[in-house]
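User: I would like to go through this model by question and answer, starting with its sheets. Please set out the reasoning before each result.

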Amino acid sequence: MSSRETRLIRNLALLGHSGSGKTLLAEQLLVKSGVKGDAGSIERGDTAADFDPLEKQYRHSLDSAILQFPAGKAEVQLIDTAGDPDFRGQTLAAMTAVETAAVVINAVNGIEMSTRRLMRRARQRRLCRMIIINRIDADEVDLEALVREIRDEFGPQCLPVNLPTENRTTVRECFYHDDGETDIFSLAEAHAEIRDQVIEVDEALMARYLEGEKISREELHDAFELALREGHLVPICFTSARSGAGCGELLRFIERLLPSPLEGNPPRFRAGSEDRKLTARPDPDAHVLAHVFKVVNDPYAGKLSIFRIFQGTIRPGMQLFVGDARKPIKVAHLFRVHGAEHTEVDIGIPGDLCALAKIDEIHYDAILHDNHEEDHYYLKPIDFPQPMFGLAIEPRARGQEQKLAATLDKTAEEDPCFRIEHNQELNETVIRGLGEMHLRILLERMQQRYGVDVETRPPRIAYRETITRPAEGHFRHKKQTGGAGQFGEVFLRVRPLGRGEGFVFRSEVVGGVIPTSLIPAVEKGARQVLDEGAIAGFPLQDLEVVVHDGKYHSVDSKEIAFVIAGRKALLEAIEHAGPQILEPIVNLEVTVADAVMGDVTGLLASKRARIQGTESIRGGLTQVSAAVPLSAITEFPTELKSMTGGEGRFVLEMSHYEAVPAQVQQQLVEQHGERRGPAEAAN
Ligand SMILES: Nc1nc2c(ncn2[C@@H]2O[C@H](COP(=O)(O)OP(=O)(O)OP(=O)(O)O)[C@@H](O)[C@H]2O)c(=O)[nH]1
Ligand SMILES: [Mg+2]
């Protein structure tokens, strides 16, 4: 029997703006827990979490990394995430594996863009949240002001559980203690505030407390967990990942007061098409239910799938199903991951983060289970940002196409915000990510790991076509070729639908003027137009097609006749329905030095951008957010680079589709005509 116990596990993700000190803080926790003798440094590139060569080179985390260490009697599984918004795919995925989101704030910079985003995401996923104010060693930081700002921004439930003291070289706990000197605030007041906040969640306890009764440590602990779970408390800790101040105390806090998998909010599973909601039970004897939150492809060790066990026990030798697959996979070896290393283990219990190696069938977001009752389970999906920044790529050397394709697939397995698109017609492969840096790093990694070199260029824009008003269309297809002829006649009408509603096809044909068996042929013809576009060769969307009349001939009416009639009738209808070309609009977030902010907003304004806000973040940087047509920013990465001396950064995500200006539409229609050539155009 293994001595692992779910109640002793503490799973937490370190989240926060890039540079807030997450990776260095993780180092300090490893040192304080005795796992490591000395803390590694970002500059030397010897931290446990940033083990990838590119992470060392860029001095930033690019992937999430799992670290394991003891905290007193507890066993911590910590996920150090990348703060960079380009790499938020894995960061968001890590949130599904933990009870607690620990959001790290750089005391020097204060609340930053990602701080807000991550606090919001963690709340949406019902995680217990805590805030770590790091870099308390820095000169000229106003920690009292920062705590007030945090409370203004995230609510009065954000309360310190310890306070810096002795000139910020250490901290003093204030949930269990009520006296002692501190550098900021009064310890007695901080103690009263957090006690009241915690006890408030339990009415009976509150009543006894007000009566002056003594509340036991266990009762306080349980109320603390409840307050965390309900979002009624967001504890704040202070640390310096540089000097180590507050890090030992953080470790003790993790042990004593952060939730175990038995205490956090249980994750919401769903099942089947009817979207039944289910709650996992962290019971070692229940059916196995585990969720794959991370996939890593090591060029030597192969594919590693890392999952969180929510219920049941996994042991080597047992069989597991992946999603609704009938064929089971065999658990040959079970691993636990620590930084770059993985160690074989003989058991995985509820709450554990474990890994399986070299199993092709497993993919990100898969559910592993051991009973067909759980075939159709899935975890409430994460709302990932839709990657919109694209690059068309091809291998630099001939003959590397296969290798490139395989490498791209591996990359897509690891990163939920990376997409590969193939445009058959143009024979073009386009990769999409959240920003230029995102794709640049992924391509560099492909080069380093697999020796695949690529050339890149801007891709074609994914325009769409739609209609703006209802119209009628009609076509009679009649052809006599030798023996049997072809005959089919279709009357239909079209109507615009709301943006994003897609395509609806209905039949209102009565009296069998077109036999029911041939209606699908009409739909097939209509769908051809949908794919090919009607005016400029782009897919059509947001319209309803209703076929309502027609004629058929008992001998000559074959499927093909109605496919053709359906297609041509729809083309005619669209011609009268005010066809319109739509273009993707993206939300762009640019971070630049204050000094060049004016130039950048000017540049964006010249690109049909709507500036939505500018916000000065500390450290001399400004963030500009804007909605801008994707087609207008093809040159933006290069322009931004020259404007900012390479320091400017941006990310973008899909917002919505909008009509293109009239002259752009005309150009696109003309280009399409030229591409098709006069012969085809006349067809
Ligand atoms: N003075 C001081 N420097 C710190 C502290 N914590 C981190 N740093 C420094 O800040 C820089 C960034 O630290 P990281 O730990 O890489 O930050 P991160 O949050 O992991 O950043 P990403 O991986 O990009 O998300 C490094 O140069 C650290 O040495 C601290 O408490 N005090
Ligand atoms: Mg880091």
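Analyst: Two strands count as paired if DSSP finds at least two bridges between them. The model is predicted.

User: In what order do the strands of the open sheet of 4 strands run?
Analyst: The sheet is open and its pairing is antiparallel. Strand E22 (419-423) and strand E24 (454-457) are the edge strands, each pairing on one side only. From one strand to the next, the twist averages 35 degrees. The order is E22-E23-E21-E24.

User: Which residue in E23 stands opposite isoleucine 393?
Analyst: Strand E21 (residues 389-395) and strand E23 (residues 428-433) run antiparallel and are joined by 5 bridges. Opposite isoleucine 393, E23 places threonine 429.

User: Which strands of that sheet does helix H10 touch?
Analyst: Helix H10 spans residues 401-414 and packs on the sheet. Its direction makes about 140 degrees with that of E22. The strands touched by H10 are E21, E22, E23 and E24.

User: And what angle does the direction of helix H11 make with that of E23?
Analyst: Helix H11 (residues 436-450) also packs on the sheet, where it touches E21, E23 and E24. Angles here run from 0 to 180 degrees between N-to-C directions. For H11 and E23 the angle is about 120 degrees.

User: What is the order of the strands in the open sheet of 7 strands?
Analyst: The pairing in this sheet is mixed. E2 and strand E6 (158-160) are its edge strands, each with pairing on one side only. The twist averages 30 degrees from one strand to the next. The order reads E2-E3-E1-E4-E5-E9-E6.

User: In E3, which residue is the bridge partner of isoleucine 9?
Analyst: E1 pairs with strand E3 (residues 74-80) in the parallel sense, over 6 bridges. In E3, isoleucine 9 has as its bridge partner glutamate 75.

User: Which strands of this sheet are touched by helix H4?
Analyst: Helix H4 (residues 113-124) packs on the sheet. The direction of H4 makes about 170 degrees with that of E4. H4 touches E1, strand E4 (100-106) and strand E5 (128-134).

User: How many residues of strand E30 are buried?
Analyst: A residue is buried if 20 or more other C-beta atoms lie within 10 Å of its own. Strand E30 covers residues 580-593 and is mostly covered. Of its 14 residues, the number buried is 10.

User: Over how many bridges does E30 pair with strand E33?
Analyst: E33 takes in residues 649-659, and its pairing with E30 is antiparallel. Within this pair, valine 586 stands opposite methionine 654 in E33. The number of bridges between E30 and E33 is 10.

User: In E32, what is the bridge partner of threonine 591?
Analyst: E30 and strand E32 (residues 621-629) pair in the antiparallel sense over 9 bridges. The partner of threonine 591 in E32 is glutamine 623.

User: And which residue in E30 is the bridge partner of glutamate 465?
Analyst: Strand E25 (residues 464-466) pairs with E30 in the antiparallel sense over 3 bridges. In E30, glutamate 465 is partnered by isoleucine 581.

User: What distance separates the centres of domain 1 and domain 2?
Analyst: The domain assignment places domain 1 at 6-257 and domain 2 at 268-377. The two are in contact through 17 residues of domain 1 and 16 residues of domain 2. Taken over C-alpha atoms, their centres are separated by 28 Å.

User: Which element gives the most to the side of domain 1 that touches domain 2?
Analyst: Strand E1 (9-16), strand E2 (65-71) and helix H3 (88-94) each supply at least two residues of that side. By class, the side has 10 nonpolar, 7 polar and no charged residues. With 4 residues, the element that gives the most is E2.

User: Which helix supplies the largest share of the shell around ligand 1?
Analyst: Ligand 1 is surrounded by 21 residues, the closest being Gly21, Thr23, Ser61, Gly83 and Arg242. The shell divides into 5 nonpolar, 11 polar and 5 charged residues. The largest share, 3 residues, comes from helix H1 (residues 22-32).

User: Is alanine 204 buried or exposed?
Analyst: Alanine 204 lies in helix H7 (residues 203-210). A residue is exposed if 12 or fewer other C-beta atoms lie within 10 Å of its own. Because alanine 204 has 8 C-beta neighbours inside 10 Å, it counts as exposed.

Technical notes: Residues numbered from 1 in each chain as written. Chains lettered and ligands numbered in written order. Predicted model: local features only at pLDDT ≥ 70, side-chain atom pairs only at ≥ 80, totals over all residues. Near = placed C-beta within 6 Å. Nonpolar A, V, L, I, M, F, W, Y, C, P; charged D, E, K, R; others polar. Domains from an automatic or database assignment. Contact = placed C-beta atoms within 7 Å.
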